[in-house]
Amino acid sequence: MKENKDSSSEVIKLDTVTMEFNLHKEKLDSMKEYFIKLIKKDVDKKHFKALDNISFTVNRGDRVGVLGLNGAGKSTLMKIIAGVFEPTSGSVHTKGIIAPMIELGAGFDMQYTGAENIYLYGAVLGHSRKFMEKQFPGIVEFSELKEFIDVPLKNYSSGMRARLGFSIATMVNPDILILDEVLSVGDAKFRKKSENKLLSMMDESTTVLFVSHNLEQVKRLCNKAMILEKGKLIAMGNIDEIAEQYEEMTK
Amino acid sequence: MTGIKELYRYRNLFSELVRKGIVLKYRRSYLGVVWSMIEPLLTMMVLTVVFGTLLGHHEKAFSVYILSGRLIYSLFSQSTTAALKSIRQNEGLIKKVYVPKILYPVSAVVFNYVLFIISLIVLAGVSLVLGVYPTKKLLLIIIPLAILFIFSVGAGLVLSTLGTFFRDLEYLWNVALMLVMYTCAIFYYPDAILHSDVYWILKMNPLFCIIANFRSCLFGGNMDMWMLGYSSIFAVFTLILGYWIFEKNKNKFILYL
């Protein structure tokens, strides 16, 4: 996580970010395979650009919808902003605490119970146990997981995991909240509740990146949006124009 | 020194990870952390009976001798094995959030070290019962313990890096540990082979040097200066190597998970 101490309102700044993956035909997992390939000089060099030369900035308090078809690079972009991936080239600057929820979930330990994960994830976001103890009842209440809070996470459904992750991430007031498809798994009731929670965070100056295939939802929640296509950023601006453009694209 | 700065910034997470290691290790066992004391005690009894009879050592202090060696060896083997698996074990976190990755292997060594310190209570108890009383030299025991810590962290960093790329290492390391164990003189006196051609193998094993000096402090003898120097240099070198190799490769880990 790189911090930029400039006192502007830019909280996320990407400068010519490119992410390349080395597509191994098969993953080299064992030493034997590795040495055989090394001798044959066959260590695969097939590259794939998941993100191609992306630059943009996001200001404090913006809620940006990230649109694009499957494979456009949305999750990769979120992972780069969250610091999970280091970009192949280019630079990423973010300010403050980032609470990422990527590919339906937060960073949880599956052996740990729901309650233990609340403290663990709190610590990941930089909070002490003491602080999390105060937040604990609110998180449990919002997630509606009271009866399951002492059950190991491996026994949770994906909806339950998403609920727990969303509850923690929103209760600790992060500076940047990354929501990747999180609101698409919960039931309608929880989705509504989450949307309201997000809207109530609008004035708390939390910056939100919101990945969803549901255009209506993006329109409801976001004031800005961007469209990714095959790893390239093809448009970014106010939600109304971008939504229109995206509707054209997906017709 | 960004690594150390980050370690401070993520101190809450670090202590959570140490706690997680301890909690998950004893999950579903009734006695929990108490096992970290019972287990070495039982092992000591078995080893004392077997090797005491086999090698004809009937003095009481032989149990203390075995227990001290056994405790240090198992700290090393358990902490390095835990570190080796630490990146894979925390896959769920690594794939979703940014955390300085060095926290995973280091916390794996630290949680085992915490359990090791708890198990030293057993050693203290057994020593007093069997008539090995502390002398002033016992205070120096902190030196081999510190070297042991540095060595374990260093080895843990090397192994966690390589282990993330090559799953086979888990099995290979088990075999290597067996070799380390037999050259540590845990259940025999090194004098037995002191004058033979193979004694240098023991002296080349840094863990044997640590154990030997640990025992010297415990029994009120003098530390062997050559072993002290050798093991500290070896430990510091391993730590530097481990840190370097880890930092160089840490951004590639995620592609192998």
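Me: How does α7(B) pass α11(B), in a left-handed or a right-handed crossing?
Reply: In this predicted model, α7(B) passes α11(B) in a left-handed crossing.

Me: Within what distance do the axes of those two helices come, and at what angle do they cross?
Reply: Helix α7 (residues 142-165) and helix α11 (residues 225-249) of chain B have axes that come within 8 Å and cross at roughly 30°. That makes α7(B) roughly parallel to α11(B), because angles under 35 degrees count as roughly parallel.

Me: On to α3(B). What span should that helix have?
Reply: Helix α3 of chain B, residues 35-55, has 21 residues and should span 30 Å at 1.5 Å a residue. The end C-alpha atoms of α3(B) are 29 Å apart, which agrees.

Me: Which residues of α3(B) are buried?
Reply: They are B:Ser36, B:Pro40, B:Thr43, B:Met44, B:Leu47, B:Thr48, B:Phe51 and B:Gly52.

Me: What do those buried residues pack against?
Reply: The buried residues of α3(B) pack against two helices of chain B, α4 (61-89) and α6 (103-129).

Me: And which residue follows α3(B)?
Reply: B:Gly56 follows α3(B), and the phi of B:Gly56 is positive, near 75°.

Me: Changing topic, how many disulfides are there over all chains?
Reply: The count comes to 0 over all chains.

Me: Why does B:Cys184 have no bond to the closest cysteine sulfur?
Reply: The closest cysteine sulfur belongs to B:Cys209 and is 9.2 Å from the sulfur of B:Cys184, too far for a bond. A disulfide needs the two sulfur atoms within 2.5 Å.

Me: Is B:Cys184 buried or exposed? What about A:Cys222?
Reply: B:Cys184 counts as buried, at 0% relative accessibility. A:Cys222 is buried, with a relative accessible area of 6%.

Methods
Residues are numbered from 1 along each chain as its sequence is written. Chains are lettered from A and ligands numbered from 1 in the order in which they are written. This is a predicted model: local features need pLDDT of at least 70, side-chain atom pairs count only at pLDDT 80 or more; totals for chains, interfaces and linings use all residues. Side-chain values use heavy atoms; hydrogens and water are left out. Buried means under 20% relative accessible area, exposed over 50%, partly exposed in between (1.4 Å probe, protein chains only). Helices (H or I, at least four residues) and strands (E, at least two) are DSSP runs, numbered from the N terminus. The expected span of a helix is 1.5 Å times one less than its number of residues. Contact means heavy atoms within 4.5 Å. Axes are lines fitted to C-alpha atoms, for helices over the stretch in contact, and angles run from 0 to 180 degrees between N-to-C directions. Angles under 35 degrees count as roughly parallel, over 145 as roughly antiparallel, 65 to 115 as roughly perpendicular and the rest as oblique. A crossing is left-handed if the near helix is turned anticlockwise from the far one by less than a right angle, and right-handed if clockwise.
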